[in-house]
Amino acid sequence: MKKISILGSTGSIGTQTLDTIAHHPDSYKVVALAAGSNVGLLVEQALAFRPSLVCLAERADAEAARLLLPAEIKVVYGEEGLIEAAAGGDADVVVTAIVGSRGLPATLAAIDAGRTIALANKETLVTAGHLVMERAARRGVAILPVDSEHSAIFQCLNGERRKDVKQITLTASGGSFRDRTRAELSGVTVAEALSHPNWSMGAKITIDSATMVNKGLEVIEARWLFDLTYDQIEVLIHPESIIHSYVEFTDHSVIAQLGVPDMRVPIQYALSYPERLATPTERLRLAEIGKLQFREMDYDRFPCLRLAFECGRMGLSAPTVFNAANEVAVERFLSGAITFLDIERVIETVIGQHTVSSVPDVESIVEIDAWARRAARSI
Ligand code: NAD
Ligand code: MG
């Protein structure tokens with residue numbers, strides 16, 4: 001029986017994680033659930049899965065939840081509460097399914113406490129990949145990818161020697177606007193940007209998919225997870241999202257991982273690894289799909305991806321700034337304050353204003369992240 005803590009349990013990844021767990025009640029026990037402000041759903045989840053602790057972002061929400069939950073479930077809140085959900089108690093695996101670099105302290109706390117990390121919160125690796133990976137190595141903690149592309153690469157690398165890897169290819173569906181030209185992007189609405197052709201996901205990652213920032217974050221995430229150089233990472237448009245990503249080896253043999261697009265498969269693999277368990281996911285029937293398409297990535301059409309590669313290559317504080325500027329730009333787009341194409345302008349402007357420096361510790365990351373957010377808000 002693996003004990004699981006879920007940070008961000010009411011979101012897209014969080015609810016699908018609980019769905020996965022519900023299918024295997026003999027394999028998993030939920031010990032902690034943390035959410036932002038959705039008291040109703042968090043309480044419902046707690047009553048169904050009976051964790052020993054739940055956490056909400058705000059005190060008032062925690063007090064409301066307290067009244068609705070049995071006394072044996074501890075209710076905590078805020079940053080400290082989130083750290084307790086991540087590192088207190090006796091979880092074997094912590095699923096990090098919060099959005100954004102705000103998930104960093106809790107992820108580090110879980111690593112320090114020796115928990116296996118099922119990592120969905122890619123922004124933590126983008127903003128502080130060196131710190132996260134170094135701490136995990138020091139503590140002997142496994143970071144298992146939940147992101148479908150990284151789960152694919154992880155599965156393709158099973159039993160392989162790292163030195164035999166020539167390069168990896170991350171596939172990209174192309175997002176909500178993949179068939180539009182840049183000129184056709186100027187008037188797009190928030191609702192249009194939020195309708196993704198293949199995946200149903202949280203709002204922030206859906207916008208990131210439309211700007212291709214998501215693939216940029218994934219490139220940086222892959223660099224850290226698999227210890228690759230940026231020259232070893234390629235991106236390919238694959239509209240059907242059936243091949244989730246692949247690895248090419250030095251002998252030019254290619255191993256890919258395929259499946260219907262359903263996040264419950266990579267989520268479950270991160271929980272069950274190294275075992276595999278049944279899922280309710282549909283089986284892949286290639287004869288019914290008939291053909292799969294692939295297109296070269298167009299870096300002029302998706303400049304944010306080029307920018308992500310540039311920031312990744314610069315390293316040091318550049319990925320932190322790229323991520324923080326994007327988080328604010330997406331918030332501002334979702335609230336109607338800026339247009340879709342302004343997202344890339346905001347990121348580019350903030351990076352232009354930044355002098356890259358080293359970020360040796362969490363404090364320096366937090367400082368530069370905060371600076372980039374202020375800069376992105378003032379544009
Ligand atoms: P989401 O917006 O659906 O869910 C976010 C969760 O975080 C919610 O439960 C929310 O209540 C919680 N949260 C917000 N603020 C919080 C706070 N201060 N304290 C505690 N919890 C808080 O997001 P999502 O789509 O599930 O994405 C989660 C992460 O997983 C992101 O980093 C995303 O990039 C990554 N990811 C998502 C998918 C997907 O299919 N949705 C796929 C790959 C990777
Ligand atoms: Mg992905």
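1. A residue is taken to be near a molecule when one of its heavy atoms lies within 4 Å of that molecule. With this cut-off, and bearing in mind that the model is predicted, 23 residues surround ligand 1, and those that come nearest are Thr 10, Ser 12, Gly 36, Glu 123 and Gly 202.

2. Three of these residues deserve a look at the level of backbone atoms. A backbone N or O atom of Gly 36 is placed 2.7 Å from an oxygen atom of ligand 1, and for Ser 12 a backbone N or O atom lies 2.8 Å from an oxygen atom of the ligand. Gly 202 offers a polar backbone atom that is 2.9 Å from an oxygen atom of ligand 1. Ligand 1 taken alone would expose 830 Å², of which the protein buries 86%.

3. As to where the shell comes from, the elements that contribute two or more residues to it are α1 (12-22) and α6 (122-139). In terms of domains, at least three residues of the shell are drawn from each of domain 1 (2-145) and domain 2 (150-260 + 283-299). Sorted by class, the shell around ligand 1 consists of eleven nonpolar, eight polar and four charged residues.

4. Elsewhere in the chain, strand β3 (residues 53-56) pairs with strand β4 (residues 74-77) in the parallel sense, over four bridges, and within this pairing Leu 56 stands opposite Tyr 77 of β4. Together with helix α3 (residues 59-68), the strands β3 and β4 make up a β-α-β unit that is right-handed.

5. An open sheet is formed by five strands, which follow the order β11-β10-β8-β9-β12 with mixed pairing. Because β11 (254-258) and β12 (295-296) stand at the edges and each has a single partner strand, one side of each is left without a neighbour in the sheet. As a general point, the strands of a sheet pair through backbone hydrogen bonds, in either the parallel or the antiparallel sense.

6. Both senses of pairing can be followed residue by residue in this sheet. Strand β8 (residues 165-172) and strand β9 (residues 233-237) run parallel and are joined by five bridges, and the bridge partner of Ala 172 in β9 is Ile 237. Strand β10 (residues 243-249), by contrast, pairs with β11 in the antiparallel sense, over five bridges, with Tyr 246 having Ala 256 as its bridge partner in β11.

7. Strands β10 and β11 also form a hairpin with four residues between them, and in the turn His 252 has a positive phi of about 70 degrees. A positive phi of about 70 degrees is found for Met 212 as well, although Met 212 is not a glycine; Met 212 lies in the loop between α9 (203-211) and α10 (213-226).

8. A last point on backbone geometry concerns a peptide bond. The bond from Tyr 273 to Pro 274 is cis, with omega near 5 degrees, and Pro 274 is found in the loop between α11 (264-272) and α12 (286-289).

Methods. Residues are numbered from 1 along each chain as its sequence is written. Chains are lettered from A and ligands numbered from 1 in the order in which they are written. This is a predicted model: local features need pLDDT of at least 70, side-chain atom pairs count only at pLDDT 80 or more; totals for chains, interfaces and linings use all residues. Side-chain values use heavy atoms; hydrogens and water are left out. A polar contact is a pair of N or O atoms within 3.5 Å; within protein, one must be able to donate a hydrogen and the other to accept it, and residues adjacent in sequence count only if both atoms are side-chain atoms. Accessible areas come from the Shrake-Rupley method with a 1.4 Å probe; for residues, only the protein chains shown count as cover. Ala, Val, Leu, Ile, Met, Phe, Trp, Tyr, Cys and Pro count as nonpolar, Asp, Glu, Lys and Arg as charged, and the others, Gly among them, as polar. Domain bounds come from an automatic or database domain assignment. Two strands pair if DSSP finds at least two bridges between them. A crossover is right-handed if, with the strands pointing away from the viewer, the path from the first strand over the helix to the second runs clockwise.
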